[in-house]
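Please look through the structure shown below before reading on. The report that follows takes up a sheet, two residues with their surroundings, a cavity and the confidence of the model.

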Amino acid sequence: MIMDYRNIFESSLNEARETTQLPDDDKFIKIVKERAVNMEKKKVRSKKPAVIAVSIAAAAALTVSAGALVNYFHQRSVDIFFPDVSGTQTETLIDEDSPLTSANKHFRITLDKAYYDGDNLTCIMTAESLDGTLMTVPDIQACHDGQFTAGSYPLHYDMSGGQFRSLDLVKSTETPFVAHISEYELKRMGVAGGFETLEGETYIRFGKHLGGGIFDGIELRVNVEKNVDTAEVFSENGDKLIMTQIGFYSDEISVLPKMSEIRSGESHTFPEIRLIRNDGTFKEFNEGDYPYSMWSDTWCYLLFPELIQLDEYSGIEVDGVRYLKNS
């Protein structure tokens, strides 16, 4: 028969607490409960409740003794950049053996979430200081083969997202940040060894040179695959932007301030950007809300301050110019 694991979980966790020093931390409880729910979803059959109880108690004790999942439960870092109002994002459980986390004596870096829209790879990461060392500018490189010779490429880094939204969600020793690169930019740069795509297994290494070597030896590995929906939107004169669940970009034009104005010190203003709902109303953000933007005079990339569902919007308005989906 199919068993109800929730009751078994509750009693098992209580028994485990009587014999093992388990924390009352809500995060810990949530992690172990998630394990129990996953067991229920799998509808494991014909196991005795006593056996299941022992397994859950052992898993709870192991979580504490290994310090595995509790320390690297980083949905809170993702929420700083992209709180998902739809509730469809899954929380990331990363243990010490995962290729998504790596440490030296100074820092542990965890790749909390990787977003890939088919052109741009945007990573939400957390730097956790292990010895009180302060976070500084990292030198981040990526490549497909892990050799970091021909074909390696730089990732842009920006910590400003932590300034527009409260950092109360994380400890003072943790620094959430964005790392980003686009295929268009890599092809334009003429990356050594040639370049095809960011998709596939990708290694990310924190280099020796910038930051005084405090990130030496830290290397992550992620399987990059498209997980962000996209839609083309057009202005009346045919200019195209690509709207995604987390922002918009263009490999052809820039709708952000001209770099010549910025370099010369001329006054410039960030454009007013509004999302156009299907009913014609607008979703507006303040200028300081955007966690990350990167552009030149011929391309641009900007992140929204939350994850959206594209089917709820007909387009984007930038300084009064509307870019709409083709009907």
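In what order do the 4 strands of the open sheet lie, and is the pairing parallel or antiparallel? In this predicted model, the order is E5-E4-E8-E9, and the strands pair in the antiparallel sense. At the edges of this sheet are strand E5, residues 153-154, and strand E9, residues 219-224, each of which pairs on one side only. In general, strands of a sheet are held in pairs by backbone hydrogen bonds, and the pairing may be parallel or antiparallel. Between E4 and E5 the antiparallel pairing runs over 2 bridges, and in one of these Ala142 has Tyr153 of E5 as its bridge partner.

The loop that leads from strand E3 (120-129) to strand E4 (140-143) contains Thr133. Although Thr133 and His106 are 27 residues apart in sequence, their C-alpha atoms are 6.3 Å apart in space. Setting aside residues up to four places away in sequence, Thr133 touches His106, Phe107 and Ile214.

A second residue to follow is His156, which belongs to strand E6 (residues 156-158). Beyond its neighbours within four places in sequence, His156 is in contact with Val178, Ala179, His180, Ile181, Glu185, Tyr292 and Met294. Both Thr133 and His156 take part in a polar contact between side chains, as the table sets out.

| Side chains joined | Polar contact |
|---|---|
| Thr133 and His106 | 3.4 Å |
| His156 and Glu185 | 2.9 Å |

Empty space inside a protein can also be examined. Rolling a probe the size of a water molecule over the atoms shows where such space is left. Here the count comes to 1 cavity of 30 Å³ or more, and the largest cavity has a volume of about 40 Å³. Its lining is made up of Asp119, Asn120, Ser182, Tyr184, Tyr249, Ser250, Asp251, Trp299, Cys300 and Tyr301. Strand E12 (247-250) and strand E16 (300-303) each supply at least two of the lining residues. By class, the lining of the largest cavity divides into 5 nonpolar, 3 polar and 2 charged residues.

Finally, the confidence of the prediction should be kept in mind. The protein averages a pLDDT of 75, and 63% of the residues score at least 70. Over residues 38-46, however, the pLDDT is below 50, and this stretch has 12 contacts in the model beyond near neighbours in sequence. Residues 58-72 likewise stay under 50 in pLDDT, and for this stretch the model has 40 contacts beyond four places in sequence.

Note on methods
Residues numbered from 1 in each chain as written. Predicted model: local features only at pLDDT ≥ 70, side-chain atom pairs only at ≥ 80, totals over all residues. Heavy atoms only, no water. Contact = heavy atoms within 4.5 Å. Polar contact = N/O pair within 3.5 Å; in protein donor to acceptor, adjacent residues only side chain to side chain. pLDDT = per-residue confidence, 0-100. 1 Å grid on protein atoms, 1.4 Å probe; cavity = no way out; pocket = protein on both sides within 12 Å on 5 of 7 lines; lining within 4 Å. Points joined across faces, edges and corners; volume = space filled by probe spheres on them. Nonpolar A, V, L, I, M, F, W, Y, C, P; charged D, E, K, R; others polar. Pairing = 2+ DSSP bridges.
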